[in-house]
Amino acid sequence: MELDLKKLKDQAMAEFKKSKTLADLDKLETKYLGRKGELSAILRKVKDLTGEAKPKIGQLANQIKLELEKIVAELRHEFGHLADKAKPAHYLDITLPGQKPALGHLHPITIITRQLEEVFVKMGFMVLEGPELESEYYNFESLNIPATHPARDIQDTFYIKDQPGWLLRTQTSNQQVRTMEKYGAPLRAIFPGRVFRCEATDVRHETTFYQLEGLMIDKDISIAHLVTALKVMLKGIFKKDVKVRLRPGYFPFVEPGFEVDVSCLLCDGEGCGLCKKTGWVEMIGAGLVHPKVLQAGGLDPKIWSGFAFGMGINRLVMLKYGIDDIRLFMSGDLRFLEQF
Ligand code: FA5
């Protein structure tokens, strides 16, 4: 029996090594190692042996079984690699579960800016965008803010190294004179866009934020036109009448000038962190266009008058969606963005 076993081992080894495919190997495995295979047949006979022969032959048979199983495993591994290599470079396994691509969506600032544009287009306003890299002339001087004016300190910004006279615009008001020069009067336009300021950040203040500027030039424009335009704008976004209050405010490019506060919708005017417990959020600077600005735009102030306002879009979006910290907009935090 010992001889039979050794012969079986040599024969099986030789045949396994000759196999070329996984299918060949499967067949040989069944032939030698299967339940009805040749080795199993010999192992079944071991129980009929007696004396010393029984453990000796049993041990040998098991050892041969292990050796044959090892060679089968090695060959199977090798054939597996060959099969992988034989696959084309762009192998597509259509049985694998699909990967859902993550779909992006509009940023809340963009959503509300588009709604604002819609409201103003219905009132006959053009939508214009201006440069973010701006000259001191359009950002300050043309707006009646000469180089030595203290108002420059309130809107400190980022100046461009090696390019004197150029800066990142601090306000969308930079578009006022540009637009008058290009379109003359009468005109109605809004300028949505990004502005930059060198300031310490907190829940209401960012260094980079968005404004929407409105400019209307015509004959006999009054504060009533301005207030109406602002109320229509706020109703268009909040879908209800929103309380506003005008306080005197100083901007060198309007006369008279106002700060427009909007009733805090986050706390319903009760007082919270966003409104500094006042029930009001400062959101808009506005007024009637200063004669010097009209002149800078090539318009005769004796004939033309106008209103202008500049609103912080971020703060409007905060009230609309109940966001209590302005810094979330640019945080890049998907948990925040995925809520819109
Ligand atoms: C201005 O920027 C003027 N250009 C507005 C203006 C336009 C006045 C036309 C008159 C005529 P002010 O600095 O107040 O004004 O900013 C206007 C609005 O922008 C503020 O009411 C506020 O809503 C928003 N804002 C200002 N600074 C910040 C900031 N650091 N972070 C976020 N929002 C700000």
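So, to kick off: in which loop does Pro186 lie? Pro186 is in the loop between α8 (175-183) and β4 (187-196). I start there since that proline has a backbone feature I'd like you to look at. Before we go on, please keep in mind that this is a predicted model.

Okay, the backbone. Ala185 and Pro186 are joined by a cis peptide bond, with omega at about 0°. There's another cis bond further along, from Glu255 to Pro256, and omega is near 0° there too. Pro256 isn't in a loop, though: Pro256 lies in strand β7, which covers residues 254-263.

While we're on backbone angles, have a look at phi as well. Asn144 isn't a glycine, yet its phi is positive, about 65°. You'll find Asn144 in the loop between α6 (136-139) and α7 (151-154). Lys239 is another non-glycine residue with a positive phi, this time near 60°. Lys239 belongs to the loop that runs between α9 (223-238) and β6 (244-248).

Now let's zoom out for a moment. How is the chain divided? We have domain 1, residues 2-86, and domain 2, residues 108-337. Measuring over C-alpha atoms is how the centres are taken here, and the centres of domain 1 and domain 2 are 85 Å apart.

Right, on to the ligand. The space that the ligand takes up is the largest pocket. Around the ligand there's a shell of 26 residues, and the closest of them are Gln171, Ser173, Arg197, Glu199 and Met283.

Two of those closest residues are worth clicking on for their polar side-chain atoms. For Ser173, a polar side-chain atom sits 2.8 Å from a nitrogen atom of the ligand. For Arg197, an N or O atom of the side chain is 2.8 Å from an oxygen atom of the ligand. Then there's Arg204, where the backbone does the job: one of its backbone N or O atoms lies 3.5 Å from a ligand nitrogen. As for cover, the ligand on its own has 670 Å² of accessible area, and the protein covers 96% of that.

So which strands each supply at least two residues of the shell? Those are β5 (208-218), β8 (280-289) and β9 (305-312). The largest share comes from β8, with 5 residues.

And what's the shell made of by residue type? We get 10 nonpolar, 9 polar and 7 charged residues.

If you have the model open, I'd go to Pro186 in its loop after α8, then to Pro256 in β7, and finish at the ligand with Ser173 and Arg197, both among the closest residues. That's it from me.

Definitions and conventions:
Residues are numbered from 1 along each chain as its sequence is written. This is a predicted model: local features need pLDDT of at least 70, side-chain atom pairs count only at pLDDT 80 or more; totals for chains, interfaces and linings use all residues. Side-chain values use heavy atoms; hydrogens and water are left out. A residue is near a molecule or strand if one of its heavy atoms lies within 4 Å of it. A polar contact is a pair of N or O atoms within 3.5 Å; within protein, one must be able to donate a hydrogen and the other to accept it, and residues adjacent in sequence count only if both atoms are side-chain atoms. Accessible areas come from the Shrake-Rupley method with a 1.4 Å probe; for residues, only the protein chains shown count as cover. On a 1 Å grid over the protein atoms alone, a cavity is a set of points where a 1.4 Å probe fits but cannot get out, and a pocket is an open set with protein on both sides within 12 Å along at least five of seven lines; lining residues have an atom within 4 Å of a point. A molecule sits in a cavity or pocket if more than half of its atoms lie within 2 Å of its grid points. Helices (H or I, at least four residues) and strands (E, at least two) are DSSP runs, numbered from the N terminus. Ala, Val, Leu, Ile, Met, Phe, Trp, Tyr, Cys and Pro count as nonpolar, Asp, Glu, Lys and Arg as charged, and the others, Gly among them, as polar. Domain bounds come from an automatic or database domain assignment.
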